[in-house]
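Q: I am new to this structure and would love a close look at one part of it. Could you pick a single spot and then walk me outward from there to the rest of the chain?

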Amino acid sequence: MFQTLLIAIGLSMDAFAVSVSSGICTDQLKARHILRGSFSFGLFQFAMPVLGWFLGTYFRVYIQKIDHWIAFVLLAFIGIKMVIESFENENPACEDGETPQKKGKTDVRDVKILLTLSIATSIDALAVGLSYSLLGKAILFPALTIGAVTFGVCLAGFEFGKRIGYLIEKRAELAGGIILIAIGLKILLEHLL
């Protein structure tokens with residue numbers, strides 16, 4: 001349960017960062033936009049691990065002897081990517097020349113932008129579902145946990161972004177990346193030792 005919760009928190013950090021960005025850069029972000037955005041992020045974070053798990057189930061027979069390495073590489077890759085991205089542009093949410101409270105590329109009031117962001121932030125969860133499948137673990141409870149945690153974290157992220165989010169946005173992604181790398185190392189060490 002604790003490991004599942006850590007994975008959920010780690011995976012939700014991308015969506016949290018986007019939520020904070022939306023809160024910073026979207027003028028007149030209303031409660032319905034926040035709920036719709038949080039639900040969309042949570043739904044995709046739930047669905048992607050399930051999809052990854054089904055894909056992995058098909059291939060599990062062929063790669064059982066190296067599954068722990070695959071899980072480690074996937075989680076470490078995602079984590080390192082998140083850490084690197086946390087040191088890139090200071091405020092990637094707002095388009096060039098815009099200041100906070102103006103419409104940016106993370107404006108979740110636009111359904112197309114919201115769906116694009118939901119898919120983009122949940123690709124990492126697909127890899128986690130694949131990892132669970134390769135390790136022979138069930139996916140429903142972890143996927144529900146990931147979706148629920150993401151929903152809650154995004155609710156907080158939108159609100160936080162509306163107030164003072166620009167101070168922590170990148171640190172959240174850094175923390176999520178470190179958590180995923182640590183979980184990947186744990187999985188690898190459990191199988192090697």
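A: Happy to! Let's start at Gly-157, which is buried, with a relative accessible area of 0%. The cut-off for buried is under 20% relative accessible area, so Gly-157 falls in that class. Please keep in mind that this is a predicted model.

Where does Gly-157 sit? Look for it in helix H5. Leaving aside neighbours within four places in sequence, Gly-157 is in contact with Phe-16, Ser-19 and Val-20. You can also find Ser-22 from here: 135 residues separate Gly-157 and Ser-22 along the chain, yet their C-alpha atoms are separated by 8.7 Å.

Now step back to the whole chain. There are six helices and zero strands, and reading along the sequence gives the pattern α-α-α-α-α-α. Contacts between residues far apart in sequence are a theme here: among contacts with a separation of 6 or more, 90% come from residues 24 or more positions apart. Of the 193 residues in the chain, 47% are buried. As for the outside, the accessible surface comes to about 9,700 Å², and carbon and sulfur atoms hold 71% of that area.

What lies inside? In soluble globular proteins, nonpolar side chains tend to be buried together. Here, the largest nonpolar core has 17 residues, and the members that touch the most others are Ile-7, Leu-11, Val-128 and Tyr-132. The elements giving two or more residues to this core are H1, helix H2 (31–63), helix H3 (67–86), H4, helix H5 (140–163) and helix H6 (169–192). To see one member in detail, try Val-128: setting aside residues up to four places away in sequence, Val-128 touches Ile-7, Leu-11 and Leu-75. Apart from this core lies another, of 10 residues, including Ile-34, Phe-41, Leu-117 and Cys-154.

Next comes an enclosed space. The structure holds one cavity of 30 Å³ or more, and the largest cavity has a volume of about 60 Å³. Which residues line the largest cavity? They are Gln-3, Ile-7, Leu-75, Val-128, Ser-131, Tyr-132, Leu-135, Lys-137 and Ile-187. Helix H1 (2–25) and helix H4 (111–134) are the elements that give two or more residues to this lining, and H4 gives the most, with three residues. By class, the lining has six nonpolar, two polar and one charged residues. You may recognise some names: Ile-7, Val-128 and Tyr-132 belong to the lining, and they also appear in the largest nonpolar core.

To finish, here are two residues to set beside buried Gly-157. The first stop is Ile-123, in helix H4. Ile-123 is partly exposed, with a relative accessible area of 42%. Its partner to look for is Leu-11: the two are 112 residues apart in sequence and 9.6 Å apart in space, C-alpha to C-alpha. The other stop is Lys-186, found in helix H6. Lys-186 is partly exposed too, with a relative accessible area of 37%. The C-alpha atoms of Lys-186 and His-68 are separated by 9.8 Å, while their positions lie 118 residues apart along the chain as a sequence separation.

Definitions and conventions. Residues are numbered from 1 along each chain as its sequence is written. This is a predicted model: local features need pLDDT of at least 70, side-chain atom pairs count only at pLDDT 80 or more; totals for chains, interfaces and linings use all residues. Side-chain values use heavy atoms; hydrogens and water are left out. On a 1 Å grid over the protein atoms alone, a cavity is a set of points where a 1.4 Å probe fits but cannot get out, and a pocket is an open set with protein on both sides within 12 Å along at least five of seven lines; lining residues have an atom within 4 Å of a point. Grid points are joined across faces, edges and corners, and a volume is the space filled by probe spheres set on the points. Helices (H or I, at least four residues) and strands (E, at least two) are DSSP runs, numbered from the N terminus. Ala, Val, Leu, Ile, Met, Phe, Trp, Tyr, Cys and Pro count as nonpolar, Asp, Glu, Lys and Arg as charged, and the others, Gly among them, as polar. Buried means under 20% relative accessible area, exposed over 50%, partly exposed in between (1.4 Å probe, protein chains only). Contact means heavy atoms within 4.5 Å. Accessible areas come from the Shrake-Rupley method with a 1.4 Å probe; for residues, only the protein chains shown count as cover. A nonpolar core is a set of buried Ala, Val, Leu, Ile, Met, Phe, Trp, Tyr and Cys residues joined through side-chain atoms within 4.5 Å.
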